[in-house]
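The exercises below ask the reader to work through a protein model part by part, with a solution after each task. Please look at the structure before reading the solutions.

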Amino acid sequence: MTSKIIYTLTDEAPALATHSLLPMVEAFARTAGIAMETRDISLSGRILAVFSDKLKAEQKISDALAELGQLATQPEANIIKLPNISASMPQLKAAIKELQAQGYALPDYPDEPATDEEKDIKARYDKVKGSAVNPVLREGNSDRRAPLSVKNYARKHPHKMGAWAADSKAHVASMADGDFYGSEKSVTVGQAGDVKIELTANDGTTTVLKAKTTLKAGEVIDASVMSVAKLRSFLQAQIEDAKRQGVLFSVHLKATMMKVSDPVLFGHVVSVFYKDVLAKHADALKAIGFNPNNGIGDLYARLGDLPAEQQSAIKADLDAVYKAQPGLAMVNSDKGITNLHVPSDVIVDASMPAMIRDSGKMWNAEGKLQDAKAVIPDRCYAGVYQAVIDDCKRNGAFDPATMGSVPNVGLMAQAAEEYGSHDKTFVVPADGVVRVTDAAGNVLLEHAVQAGDLWRMCQTKDAPIQDWVKLAVNRARLSNTPAVFWLDPARGHDAQLIEKVQRYLKDHDTNGLDIRIMTPVEATLFSLERIRQGKDTISVTGNVLRDYLTDLFPIMELGTSAKMLSIVPLMAGGGLFETGAGGSAPKHVQQFVEEGFLRWDSLGEFLALAASLEHLANSYNNPKAKVLADTLDRATGKFLDENRSPDRKVGGLDNRGSHFYLVMFWAQALAEQTADADLQAKFAEVAKTLTENEAKIVAELAAPQGKPVDIGGYYRPDTAKVDAAMRPSATLNAAIAKLG
Ligand SMILES: NC(=O)C1=CN([C@@H]2O[C@H](COP(=O)(O)OP(=O)(O)OC[C@H]3O[C@@H](n4cnc5c(N)ncnc54)[C@H](OP(=O)(O)O)[C@@H]3O)[C@@H](O)[C@H]2O)C=CC1
Ligand SMILES: O=C(O)CCC(=O)C(=O)O
Ligand SMILES: [Mg+2]
């Protein structure tokens, strides 16, 4: 077996950064006999892979995601996973358009498929849409934390935190009833078997929503429903309340990862907020195919299809809406892009912490910060953010120089919980009752529903739960830190989990450990109180809170979740090393293209690479890999100590310059170490060259800054163009080439 690490090629900022970093990493890894292989799991790559049959021979690419999904279930897996686009519908369509323009004969996305062929095309695209990558690769639970070196760095170089006023009007608004939280029911199934999901309408007719879902013994299933009538009246009341209080209206959902439910929720917000203009022009908007689930931006984009007169009438009525309604939080006030323009622009895990970091404010239409109402319709997790906001109002902003840390152990293996619910989420077609029945006809779960309601079922397998409990105990032991399971006994699903957690904790030696179970709000208060005293508390959570908390706490503690170590110990023994805990930072690409400056911070990649090398050293007994891992660790420490992360603006060090420093420190550490004489000798020269040419290389890397860059595409940029843009230092390239 050869030692090999798979490095994923993804999208946007992390993909650009890869063009600079990976060639250097490859050269270093080769010295230890390690092959770095790449696999394209970008949005465009995934589209091309599923439509391979429609492409010319030279355009075909293999289905790397399917291959890696398979690999993740094998003990030899060692995968470094960078963030990728989880495409919303507008992003998917934009990517299709770009690829078509590049000469790929892809079909259009059929919004309303009529023929079997169109249905097949839609099904294939829907497979690529949303969070299509992470659930496939995450065959393990997650361990996300700020390593001590990173925490020390943040304490030494605290980022800016917006001050909090006790009378801030910022708040979270959630429904009082009729939401998923209020309706959740759950059972643990004793034996393996299949279940059926069916709607019995009030007129007596039966519709099979999903004929077969296979369950394993001990699996927890839950189901819940969101009442659309109650949602819409809640939204209307919140719009009025925002106006009354003079705060910005904003909505925070996860339309990317929750690709079936949340675009629909988003669509309701759009259609309630803009109801006057949408009602008045209903026929015209139907004719141009406007769909509120794609955001109000979809309306603006399609306006051009209407006669000029009608366009200006609609525009005037849109402006009237903005006058009558409360101010909307903006994504980009210069360009007039609101919170309701694109469902993937405001994603709750990143957007709520950003609002909290900004004193409970968001951007208004004038480009100024203003107190905001954050609408998070469902109550399952919203209370966490309100608790943080209340704490900030009471005690002021958190201080990154002194605050403790909240690492996370997250249950996510095998598409656990809500994030695996897409194939079991339905917009209910008629009033009636939805039932989940087993093969013997026993009703396991049922809900009375109305047409338009969102009904969903989630699955959580037992083996991942056992693994999660074990991981929590291990982390508590290794870090000697209290661990809190964030579970709410008032929720059907969580009540089942509490029982299992209590049972499986007995399988471990928990002597001397402080392990508790608390509701999410109690756990927040407990963790925040400790954080203000500089103490750490492990959060042990389900899949959604894993996502939310691993942006929330890092953004408060470190300014960004990019600086997180994010490991997925795969249940089959392999390792999946995610890079940071954030996304693919679309704004960074915009800045790069306009100004030739890439502010992406690759610290997450550095941390993942060290963990991956360490894993490889252990599983293949490769002492050279261990030396590479240890020296990379030292280099990262120095990198943090000297604060060589990218700046935010032209003139400072950018992503490329930060890579140079990491690589120089790594080469220096290799030249200094004595554990492996061969590596020491190999790196002596490159370390010397890089050290002596520091100023020259930094200047060569900075030379292209300040000018626009043509990368030949957004979703599928031109490799040669990006290579040239990301590797502009001939001196650095030559030094690395010498490694052979
Ligand atoms: N693991 C994955 O694959 C994930 C993928 N996504 C996907 O990413 C896309 C964008 O999602 P979004 O919610 O906007 O979240 P992002 O994390 O991409 O962006 C939010 C902000 O976080 C900051 N940020 C994140 N990573 C870095 C980094 N490495 N260096 C510097 N700053 C960073 C940037 O803020 P600033 O403006 O301050 O520079 C950025 O604008 C979506 O398509 C989403 O589906 C999202 C989360 C995880
Ligand atoms: O898969 C996705 O869409 C997002 C993943 C994410 O935000 C996370 O894991 O933190
Ligand atoms: Mg996240």
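**Exercise 1.** Which residues in α9 meet which residues in α10?

*Solution.* The model is a predicted one, and the two helices are found first: α9 covers residues 228-245 and α10 covers residues 261-273. On the side of α9, the residues that take part are Val 228, Leu 231, Arg 232, Leu 235, Gln 236 and Ile 239, and they meet His 268, Val 269, Val 272 and Phe 273 in α10. Sorted by class, the residues of this contact are seven nonpolar, two polar and one charged. As for the geometry, the axes of α9 and α10 come within 10 Å and cross at roughly 50 degrees. Angles from 65 to 115 degrees would count as roughly perpendicular and those under 35 as roughly parallel, and α9 and α10 are therefore oblique to each other. The crossing in which α9 passes α10 is right-handed.

**Exercise 2.** Describe how helix α1 packs with helix α27, and name the residues that make the contact.

*Solution.* Helix α1 runs over residues 12-30 and helix α27 over residues 719-726, and they pack at an angle of about 65 degrees with their axes 9 Å apart. The two helices are therefore roughly perpendicular to each other. In passing α27, α1 makes a right-handed crossing. The contact is formed by Leu 16, His 19 and Ser 20 on α1, together with Val 722, Asp 723 and Met 726 on α27. Its residues comprise three nonpolar, two polar and one charged.

**Exercise 3.** At what angle do helix α16 and helix α19 pack, and how far apart are their axes?

*Solution.* Helix α16, at residues 379-395, packs with helix α19, at residues 520-532, at an angle of about 35 degrees, and their axes are 9 Å apart. The crossing of α16 past α19 is right-handed. Among the residues of α16 that take part are Tyr 381, Val 384 and Asp 391, while those of α19 include Pro 520, Leu 525 and Arg 532. The whole contact of α16 with α19 divides into eight nonpolar, three polar and two charged residues.

**Exercise 4.** Which residues surround ligand 2, and how many residues surround ligand 1?

*Solution.* Ligand 2 is surrounded by Ser 86, Ser 131, Asn 134, Thr 256, Met 257, Asp 349, Asp 547, Thr 550 and Ala 581. By class, this shell has two nonpolar, five polar and two charged residues. Around ligand 1 there are 22 residues, of which the closest are Ser 86, Ala 562, Gly 582, Gly 583 and Asp 601. The shell of ligand 1 is made up of eight nonpolar, 11 polar and three charged residues. Ser 86 is thus named both for ligand 1 and for ligand 2.

**Exercise 5.** How many helices and strands are there in the protein?

*Solution.* The protein contains 28 helices and 24 strands. Its radius of gyration is 26 Å, close to the 27 Å that the globule rule gives for 740 residues, so the protein is as compact as a globular protein of that length. The C-alpha trace spans about 80 × 70 × 60 Å along its principal axes.

Terms used:
Residues numbered from 1 in each chain as written. Chains lettered and ligands numbered in written order. Predicted model: local features only at pLDDT ≥ 70, side-chain atom pairs only at ≥ 80, totals over all residues. Near = placed C-beta within 6 Å. Nonpolar A, V, L, I, M, F, W, Y, C, P; charged D, E, K, R; others polar. Axes fitted to C-alpha atoms, helices over the stretch in contact; angles between N-to-C directions. Helix = DSSP H or I, 4+ residues; strand = E, 2+ residues; numbered from the N terminus. Parallel < 35°, antiparallel > 145°, perpendicular 65-115°, else oblique. Left-handed = near helix turned anticlockwise from the far one by under 90°. Contact = placed C-beta atoms within 7 Å. Rg over C-alpha atoms; globule rule 2.2 N^0.38 Å.
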